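Colleague: Got a minute to go through this one with me? I'd like to start with the charged side chains.

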Amino acid sequence: MKVTVQQLPPTRVAYLHQVGPYDDSIGRLWQQFMGQLQALQLPFLQHFGISYDNPLQTPPEQCRYATATEVGADFVASGEMQTMEMPGGLYACAEFTGLPDDCRAVWQNLLTEWLPNSDYVFDCERAGFEHYLPTDCFDQQTGAFSCRLCAPVKVRQ
């Protein structure tokens with residue numbers, strides 16, 4: 001697994017969130033989110049799948065997840081959609097291509113194999129996320145997709 005450490009800028013996003021297991025409900029949240037983006041005719045700048053909790057440490061019914069997209073300063077959220085500023089900073093980023101079930105194993109490898117053997121530690125002040133660019137792909141027939149898995153890090157003391 002190739003990992004790069006990148007300084008990412010803060011990003012203003014519009015998002016929908018849910019609380020519950022990291023399971024098929026995330027796919028349904030994305031479908032709902034994409035439908036709302038289409039209705040709002042928002043351009044696809046970059047999307048984020050934000051995981052706020054470690055499902056190995058947090059009970060499934062308490063895990064928090066958000067689907068988000070970059071928006072401009074003039075965007076006004078309504079309904080269930082909200083806005084926030086995603087913090088910038090250092091992130092350990094790994095390229096991913098595969099099925100949703102494969103994503104969990106790559107996250108686990110990044111956090112339990114690569115990170116402990118690096119010069120960095122997880123930064124608990126920020127959430128990890130999947131980073132989607134317009135050049136990434138999604139196969140509607142198989143569910144396979146590509147993105148970057150980004151774990152917030154800081155230099156090991």
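Modeller: Sure. Start with E95: this residue is exposed, at a relative accessible area of 56%. Keep in mind that this is a predicted model.

Colleague: Which side chain does E95 meet in a salt bridge?

Modeller: R148. The N to O distance is 3.4 Å. The pair links distant parts of the chain. R148 sits in strand β9 and E95 in strand β6, 53 residues apart.

Colleague: And R148, buried or exposed?

Modeller: Buried. The relative accessible area of R148 is 11%, whereas E95 is exposed at 56%.

Colleague: What else does R148 form a salt bridge with?

Modeller: D136. The closest N and O atoms of that pair are 2.6 Å apart. D136 is in the loop between β8 and β9, and R148 is in β9, so the salt bridge ties together parts twelve residues apart in sequence. Taken together, E95, D136 and R148 are linked in a network of salt bridges.

Colleague: How many salt bridges does the structure hold?

Modeller: Four. One of them joins the side chains of D123 and R126, at 3.0 Å from N to O.

Colleague: Are D123 and R126 buried or exposed?

Modeller: Both are buried. In general, side chains of opposite charge can pair when their charged atoms come close.

Colleague: Where does negative charge gather in a patch?

Modeller: On the surface, at D23, D24, D101 and D102. D24 belongs to helix α1, which covers residues 24-40. D24 counts as exposed because its relative accessibility is 62%, and the cut-off for exposed is over 50%.

Colleague: Switching to strands. Why is β8 called largely enclosed?

Modeller: Strand β8 covers residues 128-132. Five of its five residues are buried, so the rest of the structure largely encloses it.

Colleague: Which residues are on which side?

Modeller: G128, E130 and Y132 are on one side, F129 and H131 on the other. Both faces are covered, and all of these residues are buried. The general rule is that side chains in a regular strand alternate between the two faces of the sheet.

Colleague: What does β8 pair with, and over how many bridges?

Modeller: Strand β3, residues 47-51, pairs with β8 in the antiparallel sense over five bridges. There, G49 has E130 as its bridge partner. Strand β9, residues 145-155, also runs antiparallel to β8, and three bridges join them. In that pairing, the partner of F129 is C150.

Colleague: Back to β6 for a second. Where is G98, and is it buried or exposed?

Modeller: G98 lies in β6, which spans residues 89-98. G98 counts as buried because its relative accessibility is 13%, and buried means under 20%.

Colleague: How far apart are G98 and F145?

Modeller: In sequence, 47 residues. In space, 5.6 Å from C-alpha to C-alpha.

Colleague: Last topic, β2. Which strands does β2 pair with?

Modeller: Strands β5 and β4 are among them. Strand β2 covers residues 11-19 and pairs antiparallel with β5, residues 82-86, over five bridges. V13 stands opposite M84 in β5.

Colleague: And how many bridges join β2 to β4?

Modeller: Seven. Those two run antiparallel as well, with β4 at residues 64-70. L16 has T67 of β4 as its bridge partner.

Technical notes: Residues numbered from 1 in each chain as written. Predicted model: local features only at pLDDT ≥ 70, side-chain atom pairs only at ≥ 80, totals over all residues. Heavy atoms only, no water. Patch = residues over 30% accessible without salt bridge, like charges linked within 9 Å, V, L, I, M, F, W, Y side chains within 5 Å. Areas by Shrake-Rupley, 256 points an atom, 1.4 Å probe, with all protein chains shown as cover. Lys, Arg positive; Asp, Glu negative; His and termini not counted. Charge placed at Lys NZ, Arg CZ, Asp CG, Glu CD. Helix = DSSP H or I, 4+ residues; strand = E, 2+ residues; numbered from the N terminus. Buried < 20%, exposed > 50% of the residue type's maximum accessible area, 1.4 Å probe, protein only. Pairing = 2+ DSSP bridges.
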